[in-house]
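Please keep the sequence and the three-dimensional view side by side while reading. The paragraphs below move from the strands to the helices and then to the interior.

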Amino acid sequence: MSILALGLLVVLIALILTVSAITQVALAQRKLLGLADGSAAAGLEAFEAVPGEGGVPGRLRLDEPRVREAVGAYLAEVGRDTGLSGVHIEAVTVEADGVTVVVRLSASASVGPVADLLPSAVQIAGEGRARLGLAP
């Protein structure tokens with residue numbers, strides 16, 4: 001009977017460690033998604049006004065190199081305080097409409113002390129979008 005109880009205890013501990021590791025990765029993924037959203041919103045600060053011509057009203061437009069610079073500055077300032085390791089900018093793009101920023105990030109998420117059962121870290125990715133617009 002004690003061998004059965006010991007086996008059950010080992011299985012239970014392995015289950016708890018696995019659920020804990022999965023939870024840590026899920027929380028890191030949410031942090032990365034929040035960081036990607038914040039980065040995309042920071043990229044919106046790189047807009048420029050395009051004057052209208054011939055009675056057509058002016059509009060706002062995003063300059064992709066300036067957007068990349070704004071995203072990089074945001075991540076340099078905020079990225080270190082998230083608890084994520086190895087945050088890397090995969091892509092920063094301005095969509096064809098000229099007013100939508102898309103930021104793709106990747107990072108390493110630690111799964112904690114799980115011995116040799118699981119890897120010590122996994123790669124995660126997140127994408128954030130922000131759209132420039134004017135309130136009427």
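How many residues lie between β3 and β4 in the hairpin that they form, and which glycine in the turn has a positive phi? Five residues lie between the two strands, and the glycine is glycine 98, whose phi is about 80 degrees. As you follow this hairpin, keep in mind that the model is a predicted one.

The two strands of the hairpin belong to an open sheet of three strands, which has the order β3-β4-β5 and antiparallel pairing. In this sheet β3 and β5 are the edge strands, each of them pairing on one side only, and neighbouring strands are turned against each other by 15 degrees on average, if direction is ignored. In general, the strands of a sheet pair through backbone hydrogen bonds, and they do so in either a parallel or an antiparallel way. Here β3 and β4 are paired in the antiparallel sense over seven bridges; isoleucine 89 stands opposite leucine 105 in β4, and threonine 93 has valine 102 of β4 as its bridge partner. On the other pairing, β4 is joined to β5 by 11 bridges, again with the strands running antiparallel, and valine 103 stands opposite glycine 128 in β5. Because eight of the 11 residues of β4 are buried, this strand is largely enclosed by the rest of the structure.

Two helices should now be added to the picture of the sheet. Helix α1 packs on the sheet and touches β3, β4 and β5, and its direction makes about 30 degrees with that of β5. Helix α2 also packs on the sheet, where it touches β3 and β4, and its direction makes about 160 degrees with that of β3.

Helix α2 covers residues 64-78, which is 15 residues, and it reaches 21 Å from its first C-alpha to its last, close to the 21 Å expected at 1.5 Å a residue. Which residues of α2 are buried? They are Val67, Ala70, Val71 and Leu75, and because they fall within an arc of 130 degrees when seen down the axis of α2, they line one face of the helix. A general feature of helices helps in reading such a pattern: an α-helix has 3.6 residues a turn, so residues three or four places apart point the same way. The buried residues of α2 pack against α1, β2, β3 and β4, whereas the face turned away from this buried side carries the exposed residues Pro65, Glu69 and Glu77.

Serine 39, which has its place in helix α1, offers a closer look at how parts of the chain meet. Why does serine 39 count as buried? It does so because its relative accessibility is 0%. Leaving aside neighbours within four places in sequence, serine 39 is in contact with Val71, Tyr74, Leu75, Val103 and Leu105. Serine 39 and leucine 75 are 36 residues apart along the chain, yet their C-alpha atoms are separated by 6.8 Å.

The largest nonpolar core has 28 residues, and those with the most contacts inside it are Leu62, Val67, Val101, Val103, Leu105 and Ile124. At least two residues of this core are supplied by each of α1, β2, α2, β3, β4 and β5, with the largest share, seven residues, coming from α1. Isoleucine 124, with its neighbours within four places in sequence left aside, is in contact with several residues, including Val25, Leu32, Leu105 and Ala109.

Key
Residues are numbered from 1 along each chain as its sequence is written. This is a predicted model: local features need pLDDT of at least 70, side-chain atom pairs count only at pLDDT 80 or more; totals for chains, interfaces and linings use all residues. Side-chain values use heavy atoms; hydrogens and water are left out. Helices (H or I, at least four residues) and strands (E, at least two) are DSSP runs, numbered from the N terminus. The expected span of a helix is 1.5 Å times one less than its number of residues. Buried means under 20% relative accessible area, exposed over 50%, partly exposed in between (1.4 Å probe, protein chains only). The arc is that of the directions from the helix axis to the C-beta atoms. Contact means heavy atoms within 4.5 Å. A nonpolar core is a set of buried Ala, Val, Leu, Ile, Met, Phe, Trp, Tyr and Cys residues joined through side-chain atoms within 4.5 Å. Two strands pair if DSSP finds at least two bridges between them. Axes are lines fitted to C-alpha atoms, for helices over the stretch in contact, and angles run from 0 to 180 degrees between N-to-C directions.
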